[in-house]
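Q: I am new to reading protein models and would like a close look at one part of this one. Could you take me through how a few of its helices are placed and covered?

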Amino acid sequence: MASEDSMSIFQRQRQRRFHRRSRNGCVTCKAKHIRCDERKPLCTFCLRHGGSCQYQAEGNTSSSNPPTNQDPIPAPEEPQAQAAERSLDPIHVRDVSVDSFFGTQYEMPYKSRSLFYLFASTRVLYRSRVERDNDSFLVHRALSHPGFLHAALLLTTLHWAWYTGDVEQFRVPYLYHKVQAIRFVNEQLQDLETAGSDGTIAVVASLAVMENSLGSAEAVSSHLQGLARIKDLQGEARRPKKMGLLQRMIAMAARSVSSRPVWDMLNISRTDDVHQSVIISLLRVALRPIYSMPTLSGADDPEEPLAQVLAKKTPQPRTSDIQALPSHRTVDTSRSEFIACYFYLYMILRENDVDSFLVEWFIEQLLADVCRTEALMQKGQYSQSLWFWTVIFGACAANATKTYSAVEEAHMKMLKDVYLDKINLASQLLRIRNWEGAKSVLRLFAWEDDFNGESEIQALWEEAVWGGNGKRPEQSTWII
């Protein structure tokens, strides 16, 4: 009996493991002689490496037809065979001057067109859907460069997931545009002239923001390291020794918050029960950062390139967070991580004036929180000191933008003026008469008396309160 058992064990050990042959694998895996797991619409290899994941099915059609129940705003119909053929085509420059579908020189894949119309026609502020202006500079910039177009479509999938609460509905376009964005970045990095362009930076930044919003710290750290390497390729003019005002304010706030006792942090969290994302985000980057603010500011090793410093650092794991949250995460949590990632991006970019295309996605979410808590703040149901700190921070962000057209400049000035109005309102409610009184309120959340950006913030406060003899001109309403 023992000999029979030993014989059967020996036979099992010699038995060859079964592997299902990948007869129907994607074209990329077959060309590379890699076993394809045949996941659709994107196999694992193509998802990780940005490959063109296409399948040869019967009738020589693609495996991923445009979903019929996925588009909240219907796009013009297209023959099914043609749509299937083009469903996974990358965005690329056409030989003709413009695409007659919506007047751009970049050919838009069929499955991306409804997503583009969502981006071009509406914006999502917190959980509200708001009509986008017809002359929005974001749309013009997206159509001016494929990098901005990739970034816009990628971020649109996230914002619409916030609005609908249904991540599954946007999972396919998200994965598709993620692969296309990675492929685009890899192509841009082949040339030193295009590697450091604003379009390339916008794509890498959008990938980092997306991954952080979805709770993937490992992927975020990879994109942040990539962004640091891109910055190292730029000239000295784009890598200033002194950080901009907003970067210094982020670093100061992180130091100030992290030095507070634990019970102070708990009190702030309880006070912010309606969830001002910028406050929660600062708590996250101060107490549980992916990379610490001193590391990102270059204080750890000012002589060594930041990309090399980050490569040596191990990002703090967030496994417990991922397990505790549902698979689609809550909107509040996702938005907090969205804003927190911008803090990392600002620290790596270092420049005082950041491209308005990137800043706009950030500021509109900050301002959405300010507007939805304003009435509560006036009634005393939301902390007036936290609200005051938030609008000071937002004014710094709106004041530090790089614009490329008169339309962009006018829009950013409007956002800054809205924030200045909010500063004036909070100063009146808190009865702040001078800059020393303003500092005493800022100190309740985050402030350092030796902060090296004090004079610049003081100038913003004085412009808000004393500009126009204390009466600021009426500004156009910012819709939410």
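A: What follows goes through some helices one at a time, beginning with helix H22. Please keep in mind throughout that this is a predicted model.

Helix H22 runs over residues 435-442, and its buried residues are Trp 435, Ala 438, Lys 439, Val 441 and Leu 442. Because these residues cover an arc of only 160° around the axis, they lie on the same side of H22. A general point about helices helps here: an α-helix has 3.6 residues a turn, so residues three or four places apart point the same way. As for what lies over the buried residues of H22, the cover includes helix H20, residues 384-398, and helix H23, residues 454-466. At the start of H22 there is also a detail worth finding in the picture, since a side-chain oxygen of Asn 434 comes to within 3.3 Å of the backbone nitrogen of Glu 436.

Helix H20, which forms part of that cover, contains Thr 390. Thr 390 has a relative accessible area of 3%, and therefore it is buried, the cut-off for this being under 20%. The side chain of Thr 390 has a polar atom that lies 2.8 Å from the backbone oxygen of Leu 386.

We can now turn to a pair of helices, H18 (residues 331-349) and H19 (residues 356-378), which pack with their axes 11 Å apart and at an angle of about 135°. That angle makes H18 oblique to H19, and the crossing in which H18 passes H19 is left-handed. On the H18 side, the residues that meet H19 are Arg 335, Phe 338, Ile 339, Tyr 342, Phe 343, Tyr 346 and Leu 349. Their partners in H19 are Leu 358, Val 359, Trp 361, Phe 362, Gln 365, Leu 366 and Asp 369.

Helix H14, residues 277-287, is mostly covered, with nine of its 11 residues buried. Those buried residues in H14 are Ser 277, Val 278, Ile 279, Ile 280, Ser 281, Leu 282, Leu 283, Val 285 and Ala 286.

Last comes Ala 217, which lies in helix H11, residues 217-233. Ala 217 has a relative accessibility of 11%, so it counts as buried. Although Ala 217 and Pro 289 are 72 residues apart along the chain, their C-alpha atoms are separated by 9.8 Å.

Definitions and conventions: Residues numbered from 1 in each chain as written. Predicted model: local features only at pLDDT ≥ 70, side-chain atom pairs only at ≥ 80, totals over all residues. Heavy atoms only, no water. Buried < 20%, exposed > 50% of the residue type's maximum accessible area, 1.4 Å probe, protein only. Helix = DSSP H or I, 4+ residues; strand = E, 2+ residues; numbered from the N terminus. Arc of directions from axis to C-beta. Contact = heavy atoms within 4.5 Å. Polar contact = N/O pair within 3.5 Å; in protein donor to acceptor, adjacent residues only side chain to side chain. Axes fitted to C-alpha atoms, helices over the stretch in contact; angles between N-to-C directions. Parallel < 35°, antiparallel > 145°, perpendicular 65-115°, else oblique. Left-handed = near helix turned anticlockwise from the far one by under 90°.
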